[in-house]
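Welcome, and please open the model in your viewer. We will walk through it stop by stop, with something to select each time.

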Amino acid sequence: MRIAVISDLHVDVNAGYPIDRVLAEVLASSFSDMLLIAGDISECCRTTISWVGHFERLAGIPVRYVPGNHDLWRYGGLDNDVIYSEFIKDPRCLCSKTVTLGRWAVVGDVGWYDYTLSPLYGMDCDFDCMSYGGRTWQDRIRNSWSLDNRGRTAAMLDNLDRVLSDCEGKDVIAVTHMLVNKDFIVTGRGREWDYFDAFLGSSGIGGLFLRHPVRYSVSGHVHFRKVSEHDGISFICPCLGYFSEWGLYDGRHADDVMYQIRDSIRFIDI
């Protein structure tokens with residue numbers, strides 16, 4: 001069985017490109033049997049849920065996903081806890097669910113951030129204000145969870161631990177939007193970047209995965225494309241990202257959506 005993984009499609013920001021058609025073509029040509037999306041599909045819960053249903057019909061294979069922080073941004077008068085509950089009710093969303101594939105299991109959740117991925121963690125920094133150098137992390141404005149980031153991370157760890165505990169005897173593919181370790185943190189860019197790295201994930205999630213039979217960890221959020229492997233786990237960060245960033249990956253193909261999707265997507269053969 002071939003499972004394709006990708007993240008950070010941002011179909012609303014990238015609306016000028018046929019993400020759905022091209023992604024479906026790539027899945028068909030690669031003989032993929034399932035697609036996992038590691039969050040940030042859009043900036044509206046209703047758009048995300050609708051788009052995933054539409055794309056599953058278009059691609060003709062099962063699609064499972066976790067929401068990202070953008071998917072959870074407030075929509076209309078909906079509170080973030082209500083938005084999260086809407087995702088849990090969606091059968092295609094992995095939150096609080098397990099997908100069993102023979103001896104394998106697929107689990108996932110958003111994850112959250114507790115500042116531990118910042119090089120400045122442990123120093124005298126006010127991460128709770130989520131602002132530095134005149135810039136504010138947008139979750140502070142658009143997601144009420146950011147009023148208690150450490151508490152939200154602890155709740156996510158409890159959720160993931162409970163689901164993973166039910167996967168005893170199986171090899172696990174774990175999908176989160178947030179990073180689970182420092183593998184995909186870019187250092188040396190200055191103190192401002194170091195500060196905002198605090199909101200990219202939690203080392204606690206990676207530690208949790210080491211205590212369970214996780215073989216693949218798929219995450220996104222950071223808008224980089226990279227893989228790493230250690231401690232018996234393959235870590236995959238398959239971000240498509242914003243069209244305005246595509247030139248950073250390859251300037252010759254900055255406007256080539258087919259190239260960008262092929263460059264970001266990864267495959268897990270089980």
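In which loop does histidine 221 lie? Select histidine 221 and you will find the loop between strand E9 (214-218) and strand E10 (225-230). Before going further, a word on what you are looking at. This is a predicted model, in which local features need pLDDT of at least 70 and side-chain atom pairs count only at pLDDT 80 or more, while totals for chains, interfaces and linings use all residues. Residues are numbered from 1 along each chain as its sequence is written, and side-chain values use heavy atoms, with hydrogens and water left out.

**Stop 1: the whole chain**

Zoom out and show the protein chain as a cartoon. There are nine helices and twelve strands; helices (H or I, at least four residues) and strands (E, at least two) are DSSP runs numbered from the N terminus. The radius of gyration is 17 Å, close to the 18 Å from the globule rule for 270 residues, so the chain is as compact as a globular protein of that length. That radius is taken over C-alpha atoms, and the rule is 2.2 Å times the number of residues to the power 0.38. Along the principal axes, the C-alpha atoms fill a box of roughly 50 × 45 × 40 Å.

Of the 270 residues, 54% count as buried (buried is under 20% relative accessible area, exposed over 50%, partly exposed in between, with a 1.4 Å probe and protein chains only). Contacts, meaning heavy atoms within 4.5 Å, often link distant parts of the sequence: among those with a separation of 6 or more, 74% join residues 24 or more positions apart.

**Stop 2: back to histidine 221**

Is histidine 221 buried or exposed? Histidine 221 is buried, with a relative accessible area of 8%. Its phi is near 75°, a positive value in a residue other than glycine. Now show asparagine 69 as well: a polar contact of 3.4 Å joins the two side chains. Such a contact is a pair of N or O atoms within 3.5 Å; within protein, one must be able to donate a hydrogen and the other to accept it, and residues adjacent in sequence count only if both atoms are side-chain atoms. Beyond four places in sequence, histidine 221 also touches other residues, including Asp8, Trp137 and His177.

**Stop 3: aspartate 8**

Follow that contact to aspartate 8, in the loop between strand E1 (2-6) and helix H1 (19-29). Aspartate 8 is buried at 0% relative accessibility, and has a positive phi of about 55° although it is not a glycine.

**Stop 4: leucine 117 and arginine 189**

Next, select leucine 117, in the loop between strand E5 (104-109) and strand E6 (131-132). Leucine 117 is buried, with a relative accessible area of 0%. Its contacts more than four places away in sequence include Leu179, Asp197 and Leu200.

Finally, pick arginine 189, in the loop between strand E8 (171-176) and helix H6 (191-196). Arginine 189 is partly exposed, at 30% relative accessibility. Leaving out residues up to four places away in sequence, arginine 189 touches Asp197 and Phe224.
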